[in-house]
Amino acid sequence: MKKSICWLLAVVITLVLSVYQRMTGPTHPKSVTVELNGNSYKMKLPRSGVRHDEIVTLKGVPSNTQAQIHYRRYPSANDYTTEDFQWKNGEWQAALPVQPVAGKLQYYITVGGKDYLAEEPLLIRFRNDVPAAILVPHILLMFAAMLFAVYTFFLVISGKAYGRWLKITVATLFVGGFILGPLVQHAAFGPWWTGFPLGTDLTDNKTLLAFLFFLVALATSKWKYNKWVVCLAVLFMVAIFSIPHSTFGSEYDYTTQQLGTEKMKD
């Protein structure tokens, strides 16, 4: 297999994984279709908010429509607070009140007298704003690590030299996951690390597991069966990085008024 083909396959697989992870993550906006007077209105409702009032909008819904938003703290058994959407700047808007760092609200909407998502209300988690100077390099390096790992895999199965790219993968994963990753976590929620042994954040834990697998692959580079160790490390990395981002992450406990890790997946 030519190296150009290896690169092409690695890029395609990395892009597919990145889109899948983005679309399935618990912080990705929820697509909702509102049916009103025989018309359909598609909109996206937020599931992640920076620490200011989060504005929920009903895109395209006519101005003569009545709509409400219902929300409560999560987790809690409190009654929902109901507020009317307000017509502003040519669209319906309602504000979800800002919560403490990693605090969550559970909410659903009513449009034209019909409830949407009342059976499975959305969860929105609030965070601090993360400077682009650390967030963008973190994201780029994490997906670069995936790209280099998959490219290394295709080099292995093609019988080509792969040692250099194995080292590049390990270095990229270390910088992206263990230098920039904690900086992003700290900026967004406060803690530097919420994976093992301090918490259950799958984002941190899957990064740790992937890195350990690659360290083993690097440490056994002189072993005649090393190529199988490398393949196993790459396949393991692909599998665990398919887990949605931000699962079992930081969550504010309203009863103790402390930050912890969530007990269930969003």
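This passage describes the nonpolar cores, a helix pair, a buried aspartate and some backbone features of a predicted model.

A good place to start is the interior. The largest nonpolar core has 33 residues, and Leu173, Phe214, Val230, Met237 and Phe241 are those with the most contacts inside it. Two or more residues come from each of the helices α1 (3-24), α2 (132-157), α3 (163-189), α4 and α5 (226-240). Of these, α2 gives the most, with 13 residues. A second core, separate from this one, has 24 residues, among them Val34, Leu36, Leu45 and Tyr107. Back in the largest core, methionine 237 offers a handy local view: leaving out residues up to four places away in sequence, Met237 touches Ala145, Met146, Ala149, Leu173, Ala210 and Phe214.

Two of the helices that feed the largest core, α4 and α5, also pack against each other. Their axes come within 9 Å and cross at roughly 170°. Because angles over 145 degrees count as roughly antiparallel, α4 is roughly antiparallel to α5. On the α4 side, the residues that meet α5 are Lys206, Leu209, Ala210, Phe213, Phe214, Val216 and Ala217. Their partners in α5 include Asn226, Val229, Val230, Met237 and Ile240.

Helix α4 (residues 202-219) also holds aspartate 204, a residue that may catch the eye of anyone browsing the charged side chains. Aspartate 204 is buried yet has no salt bridge. The nearest side chain of opposite charge belongs to lysine 206, 9.5 Å away, whereas a salt bridge needs the nitrogen and oxygen within 4 Å. Apart from neighbours within four places in sequence, aspartate 204 is in contact with Gln185, Trp193, Thr194 and Gly195.

The backbone has a few points worth a look as well. Tyrosine 74 and proline 75 are joined by a cis peptide bond, with omega about 0°. Proline 75 itself is found in the loop between β5 (67-74) and β6 (81-84). Positive phi values in residues other than glycine occur at asparagine 89, near 50°, and at alanine 102, near 70°. Asparagine 89 is in the loop between β7 (86-88) and β8 (91-96), while alanine 102 lies in the loop between β8 and β9 (104-111). Asparagine 89 has 76% relative accessibility and therefore counts as exposed. Alanine 102, at 0% relative accessibility, counts as buried.

Key:
Residues are numbered from 1 along each chain as its sequence is written. This is a predicted model: local features need pLDDT of at least 70, side-chain atom pairs count only at pLDDT 80 or more; totals for chains, interfaces and linings use all residues. Side-chain values use heavy atoms; hydrogens and water are left out. Helices (H or I, at least four residues) and strands (E, at least two) are DSSP runs, numbered from the N terminus. Buried means under 20% relative accessible area, exposed over 50%, partly exposed in between (1.4 Å probe, protein chains only). Lys and Arg count as positive and Asp and Glu as negative; His and the chain ends are not counted. Contact means heavy atoms within 4.5 Å. A nonpolar core is a set of buried Ala, Val, Leu, Ile, Met, Phe, Trp, Tyr and Cys residues joined through side-chain atoms within 4.5 Å. Axes are lines fitted to C-alpha atoms, for helices over the stretch in contact, and angles run from 0 to 180 degrees between N-to-C directions. Angles under 35 degrees count as roughly parallel, over 145 as roughly antiparallel, 65 to 115 as roughly perpendicular and the rest as oblique.
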